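Hi,

Here is the structure I promised to send over. Have a look at it first, then read on for what turned up.

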Amino acid sequence: MDGRKDVGILAMDIYFPPTCVLQESLEAHDGASKGKYTIGLGQDCMAFCSEVEDVISMSMTVVTSLLKKYKVDPKLIGRLEVGSETVIDKSKSIKTWLMQIFEECGNTDIEGVDSSNACYGGTAALLNCVNWVESNSWDGRYGLVVCTDSAVYAEGPARPTGGAAAIAMLIGPNAPIAFESKYKASHMAHVYDFYKPDLASEYPVVDGKLSQTCYLMALDSCYRQFCKKYEKLAGKQFSISDADYFVFHSPYNKLVQKSFARLYYNDFTRDCSSVDNDAKEKLQPFSNLTGEESYQSRDLEKASQQVAKPLYDIKVQPSTLLPKQIGNMYTASLYAALASVLYNKHASLDDQRIVMFSYGSGLTSTMFSLKLNNGQDPFSLSNIASVLNATEKLESRHMTLPEKFVETLKLMEHRYGAKDFETCKDTSLLPPGTFYLTRVDSMYRRFYERKADEEIAAAKAKYSNGHATNGYANGH
Ligand code: ACO
């Protein structure tokens with residue numbers, strides 16, 4: 001591979017809407033019992049798009065921000081892949097909207113389109129880019145992966161598991177977050193756990209309980225295959241002791257707690273040294289359960305969560321910051337969890353291993369492994385952490401009343417698939433540099449503008465010479 005090594009993620013940025021609702025107040029608003037969303041689901045807060053934001057505007061915001069913050073020349077992007085399950089157009093990919101950023105500097109030679117399968121599309125996009133850089137087709141330029149979704153549910157128990165965000169990741173060799181490409185296992189099957197058959201609605205059809213079981217079954221299957229492959233290649237058993245962090249797709253935090261407990265239970269059934277004697281004793285009553293019985297056993301769930309808790313706090317908890325605060329971001333969810341580890345632990349990640357689990361209903365799932373090194377600026381872990389700037393971004397959000405959240409969702413139900421309307425164009429809550437939707441014309445063409453970023457605003461103040469915003473419209 002002509003000296004190409006450590007292919008992986010060189011740089012990362014995240015954008016999430018400034019509008020959000022506290023789970024505690026949503027609980028009260030919905031008449032749910034106190035603690036159901038915060039403790040039962042394990043969520044603190046949920047981001048949502050107001051009428052001026054959508055998956056296209058968020059993806060344009062995050063890509064522009066990444067290129068600027070890491071000083072990457074847009075001409076150096078050779079592949080652009082988008083993962084999303086939020087359907088705005090059944091033919092025109094989100095990638096083509098993003099092309100406006102690259103066309104402006106004369107770069108139209110960029111492969112890749114959108115990948116979609118529920119929350120897995122981002123992983124498909126990422127694996128495509130990594131494979132491209134590792135392949136004979138690579139032309140020496142960067143890959144760019146964008147995961148962008150707005151997760152909204154109809155009124156009911158699934159609604160508090162929504163969220164919204166876009167993540168961009170720059171892919172290339174000599175990366176601080178490198179793929180251990182050989183350590184990878186997938187589980188894919190046909191199942192109706194969560195799907196979007198109604199093309200007139202943004203909301204999915206969800207069999208919540210089935211989706212939880214499918215997620216855990218897929219996790220078990222991936223982990224078994226992953227361990228087998230590792231053992232074949234490394235010549236020793238793999239257990240949770242062999243990774244420093246486990247990062248899971250995070251629809252809501254409780255499922256992440258259950259997932260790590262499930263890996264712990266797997267290690268117990270495989271007689272791994274990662275399980276201490278005390279834990280072995282507590283899990284002994286469950287040693288003869290069939291697979292099916294083990295998914296139904298509430299006692300096993302409780303016992304395994306309890307014995308896994310000390311390791312959960314070390315190996316999983318650092319990944320939960322953004323998912324607990326933003327909610328399910330569908331394709332971006334797993335990578336927001338990875339971003340949380342990078343943000344929280346960047347100073348101590350050199351030579352550490354992170355095992356990732358990606359799940360998309362329907363179903364598709366992959367477990368893969370990343371090996372970290374400190375890297376070199378601008379592609380260093382410390383620079384990635386400072387670009388992510390998670391605490392400040394979270395703290396500068398605007399807490400909305402549940403009534404306003406519900407009202408926004410009602411408006412968006414009406415707007416979904418509609419044409420010939422203008423948005424309120426209210427950008428007061430948006431950070432500088434954010435793209436926003438201004439109108440959809442009679443041919444369903446969408447028009448976006450960009451809130452002046454600090455540099456543009458400063459230049460404008462200096463020369464007072466014209467428009468405050470950059471126009472980004474279809475056919476621009
Ligand atoms: N205090 C503390 N905990 C409580 C309280 C309370 N007052 N009330 C309920 N709980 C707990 C329950 O015991 C349960 O916890 P457990 O799972 O540890 O037993 C939890 O809160 C959830 O309550 P349930 O009644 O079991 O579930 P609910 O009917 O509210 O639905 C679900 C939850 C299925 C997750 C729903 O929100 C949903 O369908 N979400 C979308 C589907 C989804 O995200 N699936 C995950 C994989 S697929 C994907 O990523 C989209």
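The ligand sits in the largest pocket. A pocket here is an open set of points on a 1 Å grid over the protein atoms alone, with protein on both sides within 12 Å along at least five of seven lines, and a molecule sits in it if more than half of its atoms lie within 2 Å of its grid points. Please keep in mind that this is a predicted model, where local features need pLDDT of at least 70 and side-chain atom pairs pLDDT 80 or more, while totals for chains, interfaces and linings use all residues. Residues are numbered from 1 along each chain, and side-chain values use heavy atoms, leaving out hydrogens and water.

Around the ligand there are 26 residues (a heavy atom within 4 Å counts as near). By class, 10 are nonpolar, 10 polar and 6 charged. Helix H6 (208-234) is one of the helices that supply at least two residues of this shell, and H6 gives the most, with 4.

Which side chains come 2.6 Å from an oxygen atom of the ligand? Lysine 36 has a side-chain N or O atom at that distance, and so does arginine 298. Taken alone, the ligand exposes 1000 Å², and the protein buries 79% of that (Shrake-Rupley method, 1.4 Å probe).

As for the whole protein, its radius of gyration is 22 Å, which agrees with the value near 23 Å for a compact globule of 476 residues (taken over C-alpha atoms; the rule is 2.2 Å times the number of residues to the power 0.38).

Enjoy exploring!

Note on methods:
A polar contact is a pair of N or O atoms within 3.5 Å; within protein, one must be able to donate a hydrogen and the other to accept it, and residues adjacent in sequence count only if both atoms are side-chain atoms. On a 1 Å grid over the protein atoms alone, a cavity is a set of points where a 1.4 Å probe fits but cannot get out, and a pocket is an open set with protein on both sides within 12 Å along at least five of seven lines; lining residues have an atom within 4 Å of a point. Ala, Val, Leu, Ile, Met, Phe, Trp, Tyr, Cys and Pro count as nonpolar, Asp, Glu, Lys and Arg as charged, and the others, Gly among them, as polar.
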